[in-house]
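This report describes a single protein chain and how its parts are arranged. Please keep the sequence and the structure in view while reading.

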Amino acid sequence: MLTKILITVLVILGAVVYLRRGRNRNVKYTRTIEIEKPPVLSKIAIYSMIAVSMLATAGYWGWGWYDDNTIVEVTISSPIEAMTASYQVRKKDIEDQRITTIDGIQIRLSNQERLTVKALKTD
């Protein structure tokens, strides 16, 4: 909080000094414009960094999508009724008080029920 206040004060002081001093009016403008071409190496470095960051972002997004759509086996244990039931569910469909099976059945859970999540065996 203190750093935000100090930065704000410094910006305000800089603006006041700039406005009081004004622009330098003795500057002569010339019409020649020299455009320096950036070195090829830095251009390649910039584009390669952009490409790497885009690939990393796409990989992260793809892995998240793959992991969310992984099908797991959820076993619901109820201590009150002394029963267990197993369902196949996508990971993204497991919520706090509700699960949705891959068949589209929505199951609401009570506070006493216990969930056990297992990965399906791939043979």
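## Pairing of β2 and β3

How many bridges join β2 to strand β3, and in which sense do the two strands run? In this predicted model, 2 bridges connect β2 with β3 (residues 98–101), and the two strands run antiparallel. They form a hairpin in which 3 residues lie between the strands, and within this pairing V89 stands opposite T101 in β3.

## Overall organisation

The protein contains 2 helices and 5 strands, and along the sequence these elements follow the pattern α-α-β-β-β-β-β. Of the 123 residues in the protein, 11% are buried. Among the contacts with a separation of 6 or more, 34% are made between residues 24 or more positions apart.

An unreviewed UniProt entry lists residues 6–23 and 44–63 under "transmembrane region". Over residues 44–63 the model is 100% helix and 0% strand, with the end C-alpha atoms 28 Å apart.

## The sheet

The 5 strands form an open sheet in the order β4-β3-β2-β1-β5, with antiparallel pairing. Its edge strands are β4 (106–108) and β5 (114–119), each of which pairs on one side only. On average, and with direction ignored, neighbouring strands of this sheet are turned by 45° against each other. As a general point, strands of a sheet pair through backbone hydrogen bonds, in either a parallel or an antiparallel manner.

Strand β1 (residues 71–78) is joined to strand β2 (residues 83–94) by 8 bridges, and these two strands run antiparallel. Along this pairing, E73 stands opposite Q88 in β2, T75 has S86 as its bridge partner in β2, and S78 stands opposite M83 in β2. The hairpin of β1 and β2 has 4 residues between the strands, and in this hairpin A82 takes a positive phi near 55°. β1 also pairs with β5, again in the antiparallel sense, over 6 bridges. E73 takes part here as well, with K118 as its bridge partner in β5, so that E73 is matched with Q88 in β2 and with K118 in β5.

## The nonpolar core and strand β1

Which residues make up the largest nonpolar core? This core consists of 7 residues in all, namely V72, V74, I76, V89, I99, I107 and L109. Strand β1 supplies the largest share of the core, with 3 residues. In soluble globular proteins, nonpolar side chains tend to be buried together. β1 is itself mostly covered, since 6 of its 8 residues are buried.

V72, one of the core residues, has contacts that can be followed in some detail. Leaving aside its neighbours within four places in sequence, V72 is in contact with Y87, Q88, V89, K91, I94, V117, K118, A119 and L120. Among these contacts, V89 is also a member of the core.

## The end of β1 at S78

Is S78, which is found in strand β1, buried or exposed? With a relative accessibility of 11%, S78 counts as buried, because the cut-off for this class is under 20%. When residues up to four places away in sequence are not counted, S78 touches M83 and E113. M83 is thus both a contact of S78 and the β2 residue that stands opposite S78.

## An aromatic pair in helix α2

How many aromatic pairs are counted in the model? The count comes to 1 aromatic pair. The pair is made by W63 and Y66, whose ring centres are 5.4 Å apart and whose planes lie at 40°, so the arrangement is classed as tilted. A pair of aromatic rings is described by the distance of the centres and the angle of the planes.

Both residues belong to helix α2 (residues 40–68), and because W63 and Y66 are 3 residues apart there, about one helical turn separates them. W63 counts as exposed at 56% relative accessibility, and Y66 likewise counts as exposed at 51% relative accessibility. W63 is also the last position of the listed range 44–63, which comes from the unreviewed UniProt entry for "transmembrane region".

Notes. Residues are numbered from 1 along each chain as its sequence is written. This is a predicted model: local features need pLDDT of at least 70, side-chain atom pairs count only at pLDDT 80 or more; totals for chains, interfaces and linings use all residues. Side-chain values use heavy atoms; hydrogens and water are left out. A nonpolar core is a set of buried Ala, Val, Leu, Ile, Met, Phe, Trp, Tyr and Cys residues joined through side-chain atoms within 4.5 Å. Buried means under 20% relative accessible area, exposed over 50%, partly exposed in between (1.4 Å probe, protein chains only). Contact means heavy atoms within 4.5 Å. Two strands pair if DSSP finds at least two bridges between them. Axes are lines fitted to C-alpha atoms, for helices over the stretch in contact, and angles run from 0 to 180 degrees between N-to-C directions. Rings of Phe, Tyr and Trp (its six-membered ring) pair if their centres lie within 6.5 Å; planes under 30 degrees apart count as stacked, over 60 as edge-to-face and the rest as tilted. UniProt positions are given in the numbering used here, feature names are shortened, and annotations may be inferred rather than shown by experiment.
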